[in-house]
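User: Please take one helix in this model and look at it closely. I want its geometry, its buried side and its surroundings, in one connected account.

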Amino acid sequence: MPRRLLLLPPLSVRSAFRTPRARPAAAPAMNAARTGYRVFSANSTAACTELAKRITERLGAELGKSVVYQETNGETRVEIKESVRGQDIFIIQTIPRDVNTAVMELLIMAYALKTACARNIIGVIPYFPYSKQSKMRKRGSIVCKLLASMLAKAGLTHIITMDLHQKEIQGFFSFPVDNLRASPFLLQYIQEEIPNYRNAVIVAKSPDAAKRAQSYAERLRLGLAVIHGEAQCTELDMDDGRHSPPMVKNPTVHTGLELPLMMAKEKPPITVVGDVGGRIAIIVDDIIDDVESFVAAAEILKERGAYKIYVMATHGILSAEAPRLIEESSIDEVVVTNTVPHEVQKLQCPKIKTVDISLILSEAIRRIHNGESMAYLFRNITVDD
């Protein structure tokens, strides 16, 4: 029999009649559906929960259910009253006068949320405590770095703060830190609430604050003045350990190792670099706590001819007798933000005014939860702001 040849269609035709194979289901895209978030307040006092309520109102969310209280023996106890498993948790902690209690509240709440299997724990700490202790002083310690390590150990994965005393503090943390700025709100207050602000001059009460004052002056197109020679103890002076041990010759040291003795510093007479006569003087700084230096600066500016004096600062701690000293001084108005509760101080001194910064904090929370860029909150912001 003759052999039959089987003619096959071309490959393209065969593939058209091939039975399609079942493909495996595609893997779900990452971050396609994000989990929820909750906002908690780590402080039990009414004054400190006010900022948390403002933030949650802007976010359209409810404040998380928790109980924070002090037992009779002084121990802090935190109880989380709802499930937080797999959620982004934001802990808002403002720092009242009892700083150490506030720190323990934050640590214990973060650890409780970590134990409850929260996905991310973000601390919203507008004023970061111990930020002034960020440099070595004689035989002391860098307490700010210790606190950063404690927060990481407790379970925090991110921090939102505002106007750190030293921007290098961000390097103490092993997780992201967003250092927001209050300067846009304070600049807006100057433009809208200070009459005839075009006749003002921005003042730095010491050379250390000159960069911040220069940034304000450039944005407002105003003049700049610096007070030099003020009798104050700065971080760059004797507290950094340069005079420890005492500068005496040690007879046991080899003569070839002797170092030249440094001459003691002498403060020059107090001078104001810049013209403030017949102008509005606006002193700017990041923290106003002990107000003696601000009161002394106001007296100097008054002697030089300034007819109205304002003080602008981000964090109004206003410890001890600060309200009384402000009320009795030449300062006309002290403007601070609500990063620190100061309602009691405002009752004692009507000169103290408050600027609300809950808007930028709530927007930062929303962007972090949604995985959006934070660049919008830092637009036109420089290192000196």
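Analyst: What follows is a close look at helix 4, then at its neighbour helix 3, with brief notes on other helices.

The model is predicted. Helix 4 covers residues 143–154. Start with its length. At 1.5 Å a residue, its twelve residues should span 16 Å. The end C-alpha atoms lie 17 Å apart, which agrees with that expectation.

Next, the buried side. Which residues of helix 4 are buried? They are V143, C144, L147, A148, L151 and A154. These residues cover an arc of only 145° around the axis, so they sit on the same side of helix 4. The face turned away from that buried side carries L146 and K153, both exposed. Exposed here means over 50% relative accessible area, whereas buried means under 20%.

What covers the buried residues? The cover includes helix 3 (99–115), strand 5 (120–125) and strand 6 (158–162). Just after helix 4 comes G155, with a positive phi of about 125°.

Helix 3 deserves the same treatment. It has 17 residues. From first C-alpha to last, helix 3 reaches 25 Å, close to the 24 Å expected at 1.5 Å a residue. Its buried residues are A102, V103, E105, L106, L107, M109, A110 and L113. They pack against helix 4 and strand 5. Their other partners are strand 1 (37–41), strand 2 (66–70), strand 3 (76–80) and strand 4 (88–92). Strand 5 thus appears in both lists: it helps cover the buried residues of helix 4, and the buried residues of helix 3 pack against it. After helix 3 comes C117, which has a positive phi near 70°.

Now a helix pair elsewhere in the chain. Two packed helices are described by the angle between their axes and the distance between the axes. Helix 5 (residues 183–193) and helix 6 (residues 210–220) pack at about 50°, with axes 11 Å apart. The two helices are therefore oblique to each other. Their crossing is right-handed. Helix 5 makes the contact through S183, L186, L187, I190 and Q191. Helix 6 contributes Y216, R219 and L220.

One last site is A46, in helix 2 (residues 46–59). At 66% relative accessibility, A46 counts as exposed. Its C-alpha is separated by 9.8 Å from that of P341, 295 residues away along the chain.

Terms used. Residues are numbered from 1 along each chain as its sequence is written. This is a predicted model: local features need pLDDT of at least 70, side-chain atom pairs count only at pLDDT 80 or more; totals for chains, interfaces and linings use all residues. Side-chain values use heavy atoms; hydrogens and water are left out. Helices (H or I, at least four residues) and strands (E, at least two) are DSSP runs, numbered from the N terminus. The expected span of a helix is 1.5 Å times one less than its number of residues. Buried means under 20% relative accessible area, exposed over 50%, partly exposed in between (1.4 Å probe, protein chains only). The arc is that of the directions from the helix axis to the C-beta atoms. Contact means heavy atoms within 4.5 Å. Axes are lines fitted to C-alpha atoms, for helices over the stretch in contact, and angles run from 0 to 180 degrees between N-to-C directions. Angles under 35 degrees count as roughly parallel, over 145 as roughly antiparallel, 65 to 115 as roughly perpendicular and the rest as oblique. A crossing is left-handed if the near helix is turned anticlockwise from the far one by less than a right angle, and right-handed if clockwise.
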